[in-house]
Amino acid sequence: MCKEGTLADTTDTVFTWGDAPATKASVLVHQLYGALDAGDAGHLAVSQILTSLSSQRVATFDTGHFVDYRSRRPAIAVEDWQLTELTVPEIAIDLVTDYSGKKLLVLHGPEPDYRWDDFSHAVIEIAQRYQVDTAVGLMGMPAGIPHTRSTYVHQTATDAMDVPPQPRQPAQVRMSASMGMYVQHWCGQAGMHSLGLVAGVPYYLADTEFFQGGAALIDQLAAITNLQLPVGDLEAAATQMRNIIDKQISSSEEVAGIVHMIEERYDSTLAQTAPESGIVPHTTTPAIIPSGDDIASKFQEFFHREAAANPYEAPSHSLFSAQVDSLSPRQRKERAQAASFIPQEKSSTDGQSSRNGEVITEATQQGYLQDKHGARHFVPRKQRRRKFRSRKQTRQAKNEPKKDKDDR
């Protein structure tokens with residue numbers, strides 16, 4: 001038997017067959033991390049399936065063909081000055097057995113960086129060998145949903161006949177496709193029922209591990225495929241995380257008020273779509289809520305304060321931490337300098353003025369601008385004197401006599 005998989009249009013070996021027997025597995029579940037997956041919902045769901053159920057390796061892809069090691073560098077272990085172990089990113093398909101004895105394939109690993117067509121065709125080749133008739137992708141999507149409500153899972157499909165009754169999409173959306181969406185498209189072209197499960201994740205928790213979203217995806221996956229899948233660990237983690245978040249939010253009236261407004265808006269929307277969605281709203285009181293950016297910034301500030309005060313109780317991956325990790329060393333230095341500088345407010349007689357909501361204080365002399373919300377922003381050196389000079393300083397500059405070149 002051939003142990004290596006090749007494509008019809010290339011002689012390159014793109015995957016190696018494993019030891020799993022060639023049996024029927026009617027469902028292929030796929031989730032490749034590294035692209036859009038708010039709250040790591042899809043990744044959490046697949047990890048729960050792989051760690052809780054018995055599995056056998058069907059195929060291992062040659063990551064050198066698909067993954068840029070500069071973007072996902074291999075990990076190497078050094079012990080007593082000796083290089084002992086090299087771990088490279090792994091993309092694989094496993095044959096998993098659920099609690100009832102049914103078989104399913106699970107595609108997991110990092111999203112390929114290139115050769116997407118070759119990768120998709122290889123996945124379809126493997127799926128056809130195992131007689132897969134349904135392919136399901138898992139992902140999380142940021143949404144205006146409060147964490148205090150049940151996670152709603154939307155279902156996408158390549159065939160309109162596979163779209164179930166659910167709230168209608170208000171308009172067409174064009175977005176950058178993830179590898180999961182790409183595989184979903186080509187599985188549909190190959191004649192499979194190609195579906196996608198999308199869990200709504202509160203956008204103020206999109207950069208945390210949202211266990212509730214992962215549990216909701218597994219529940220919905222089991223419902224549409226008649227598989228018996230484990231969800232207990234995720235539910236327990238979701239309950240614990242919910243208690244932590246509720247405790248932190250209750251300590252801030254401002255944040256608690258924002259969450260309450262999101263709840264009212266969400267319930268009001270459900271009241272209008274209840275006949276379609278089948279979801280029972282908690283209340284029908286409308287509410288006007290701030291913009292998503294305003295809410296996210298307030299939650300970032302709040303979770304940062306809580307993480308500093310209670311490092312062992314705060315969520316492990318806050319929005320603020322995720323943003324700080326993505327900053328360059330120069331940006332981190334500038335942010336640290338801005339945080340350590342406390343601007344001294346001056347009266348108008350001391351040269352303070354307000355222009356377009358910007359307060360001109362001594363902070364501008366140090367290179368930072370304080371806006372009307374109290375936030376401090378770094379100002380490049382070349383722009384400080386020209387853009388942020390106070391009115392008093394401008395009058396003084398006009399009254400000063402010009403200096404000759406010899407005096408400068």
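Buried means under 20% relative accessible area, exposed means over 50%, and partly exposed covers what lies in between. Keep these cut-offs at hand for the exercises below, and bear in mind that the model is predicted.

**Exercise 1. Classify the two partners of the salt bridge between Asp-118 and Arg-115 by accessibility.**

Step 1. Start with the pair itself: the closest N and O atoms of Asp-118 and Arg-115 are 2.8 Å apart, and a salt bridge calls for a distance within 4 Å.

Step 2. Take Arg-115 next. Its relative accessibility is 27%, so Arg-115 counts as partly exposed.

Step 3. Now turn to Asp-118. With a relative accessible area of 15%, Asp-118 is buried.

**Exercise 2. Place the salt bridge between Arg-242 and Asp-246 in its helix, and classify both residues.**

Step 1. The closest N and O atoms of this pair are 2.7 Å apart.

Step 2. Both Arg-242 and Asp-246 belong to helix α6, residues 232-250. They sit 4 residues apart, which is about one turn of the helix.

Step 3. Arg-242 has 30% relative accessibility and therefore counts as partly exposed. Asp-246, at 27%, is partly exposed too.

**Exercise 3. Survey the other salt bridges, starting from the total for the structure.**

Step 1. The total is 6 salt bridges. As a reminder of the chemistry, side chains of opposite charge can pair when their charged atoms come close.

Step 2. One of them joins Asp-68 to Arg-70, with 3.4 Å between the closest N and O atoms. Arg-70 has a relative accessible area of 65%, so Arg-70 is exposed.

Step 3. Look also for a network: salt bridges link Arg-57, Glu-90 and Asp-94.

**Exercise 4. Describe how helix α3 packs against helix α4.**

Step 1. Locate the helices: α3 spans residues 116-129 and α4 spans residues 179-189.

Step 2. Their axes are 10 Å apart, at an angle of about 55°. That angle makes α3 oblique to α4, because it falls outside the ranges for roughly parallel, roughly antiparallel and roughly perpendicular.

Step 3. For the handedness, note that α3 passes α4 in a right-handed crossing.

Step 4. List the contact residues. From α3 come Trp-116, Asp-117, Phe-119, Ser-120, Val-123 and Ile-124; from α4 come Met-179, Tyr-182, Val-183, Trp-186 and Cys-187.

Step 5. Sort these residues by character, and you should arrive at 9 nonpolar, 1 polar and 1 charged.

Notes
Residues numbered from 1 in each chain as written. Predicted model: local features only at pLDDT ≥ 70, side-chain atom pairs only at ≥ 80, totals over all residues. Heavy atoms only, no water. Axes fitted to C-alpha atoms, helices over the stretch in contact; angles between N-to-C directions. Helix = DSSP H or I, 4+ residues; strand = E, 2+ residues; numbered from the N terminus. Parallel < 35°, antiparallel > 145°, perpendicular 65-115°, else oblique. Left-handed = near helix turned anticlockwise from the far one by under 90°. Contact = heavy atoms within 4.5 Å. Nonpolar A, V, L, I, M, F, W, Y, C, P; charged D, E, K, R; others polar. Salt bridge = Lys/Arg side-chain N within 4 Å of Asp/Glu carboxyl O. Buried < 20%, exposed > 50% of the residue type's maximum accessible area, 1.4 Å probe, protein only.
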